[in-house]
Amino acid sequence: MKNCISCGMPLTNKEEIGSEIEKGSLCIHCVDESGSIKSCQEIFDGGVEFFMSAISNTEKYLAKKITRKNMNMLSYWKDSNEECLQGEEATDEEFQDALSKLKM
């Protein structure tokens, strides 16, 4: 199964949308109505909201650290100098703990 190049979410055929160049590489959460990738800040904010809602009692500060670590691991953002991706990242332990809580 392929994952979104921008946020890492698993893709299904139904969710594979995006511009012709990136067709099949982006999930529905990372593109706008025209099929273009959203800004890094929009995707980051969506990731923070996702972790806060998907994992009970997750503080916003921790959700930001988890999202930052996740996005910085992806090749799409790896060499980016985006301001939202600068700063403290979750530790490996915090990150793995968060991911384990997502698996049901």
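1. Let me start with a loop residue. Asn57 is exposed, with a relative accessible area of 76%. Asn57 sits in the loop that joins helix 1 to helix 2. Its phi is near 65°, which is a positive value in a residue that isn't glycine. For context, most residues other than glycine have a negative phi. So this is a spot to look at when you go through the backbone, bearing in mind that the model is predicted.

2. How confident is the prediction? The protein has a mean pLDDT of 87, and 87% of its residues reach 70 or more. Helix 2 has the highest confidence, at 97, while helix 3 (residues 75–78) has the lowest, at a mean of 90. Then there is the stretch over residues 15–22, where the pLDDT is below 50. In the model that stretch still makes 24 contacts beyond near neighbours in sequence. Where pLDDT is low, the predicted coordinates should not be read in detail.

3. On to the overall layout. The protein has 4 helices and 0 strands, and along the sequence the pattern reads α-α-α-α. Of the 104 residues in the protein, 37% are buried. Taking contacts with a separation of 6 or more, 33% come from residues 24 or more positions apart.

4. Which residues touch the most other members of the largest nonpolar core? They are Cys4, Met71 and Leu85, in a core of 22 residues. Helix 1 (40–54), helix 2 (60–73) and helix 4 (92–102) each put in at least two residues, and helix 1 gives the most, with 5. As general background, nonpolar side chains tend to be buried together in soluble globular proteins.

5. Two residues from the start of the chain are handy for tracing the packing. Cys4, leaving out neighbours within four places in sequence, is in contact with Met9, Leu11, Ser25, Leu26, Cys27 and Cys30. Ser6 lies in the segment before helix 1 and counts as buried, because its relative accessibility is 0%. Beyond residues up to four places away, Ser6 touches Leu26, Cys30, Ile37, Ile43, Met71, Leu74 and Trp77. Leu26 and Cys30 turn up in the contact lists of both Cys4 and Ser6.

6. Helix 2 checks out on geometry. At 1.5 Å a residue, its 14 residues should span 20 Å, and the end C-alpha atoms are 20 Å apart, so the two agree. Its buried residues are Ala63, Lys65, Ile66, Thr67, Arg68, Lys69, Asn70, Met71 and Asn72. Note that this list includes Lys65, Arg68 and Lys69. What do the buried residues of helix 2 pack against? Their partners are helix 1, helix 3 and helix 4.

7. A word on the cysteines, since you may need to set bonds before running anything: the structure holds 0 disulfides. Cys7 is in none, and the nearest cysteine sulfur, that of Cys27, is 3.6 Å away. The cut-off for a disulfide is 2.5 Å between the sulfur atoms, so that pair does not qualify. Cys7 is buried, with a relative accessible area of 16%. Cys40 is likewise in no disulfide, and the sulfur of Cys84, the nearest from a cysteine, is 3.3 Å away. Cys40 is buried too, with a relative accessible area of 3%.

8. The structure holds 2 aromatic pairs. Phe50 and Phe51 form an edge-to-face pair, 5.3 Å centre to centre with 70° between the planes. Phe50 counts as partly exposed, because its relative accessibility is 36%, whereas Phe51 is buried, with a relative accessible area of 6%. Tyr76 and Trp77 form an edge-to-face pair as well, at 4.9 Å centre to centre and 80° between the planes. Here Tyr76 is partly exposed, at a relative accessible area of 32%, and Trp77 is buried, at 6%.

9. One last residue, from helix 4: Ser100 has its place there. Is Ser100 buried or partly exposed? With 43% relative accessibility, Ser100 counts as partly exposed. Ser100 and Ile55 are 45 residues apart in sequence, and their C-alpha atoms are 9.9 Å apart in space.

Technical notes. Residues numbered from 1 in each chain as written. Heavy atoms only, no water. Core = buried A, V, L, I, M, F, W, Y, C linked by side-chain atoms within 4.5 Å. Buried < 20%, exposed > 50% of the residue type's maximum accessible area, 1.4 Å probe, protein only. Contact = heavy atoms within 4.5 Å. Phe/Tyr/Trp six-rings, centres within 6.5 Å; stacked < 30°, edge-to-face > 60°. pLDDT = per-residue confidence, 0-100. Expected span 1.5 Å × (residues − 1).
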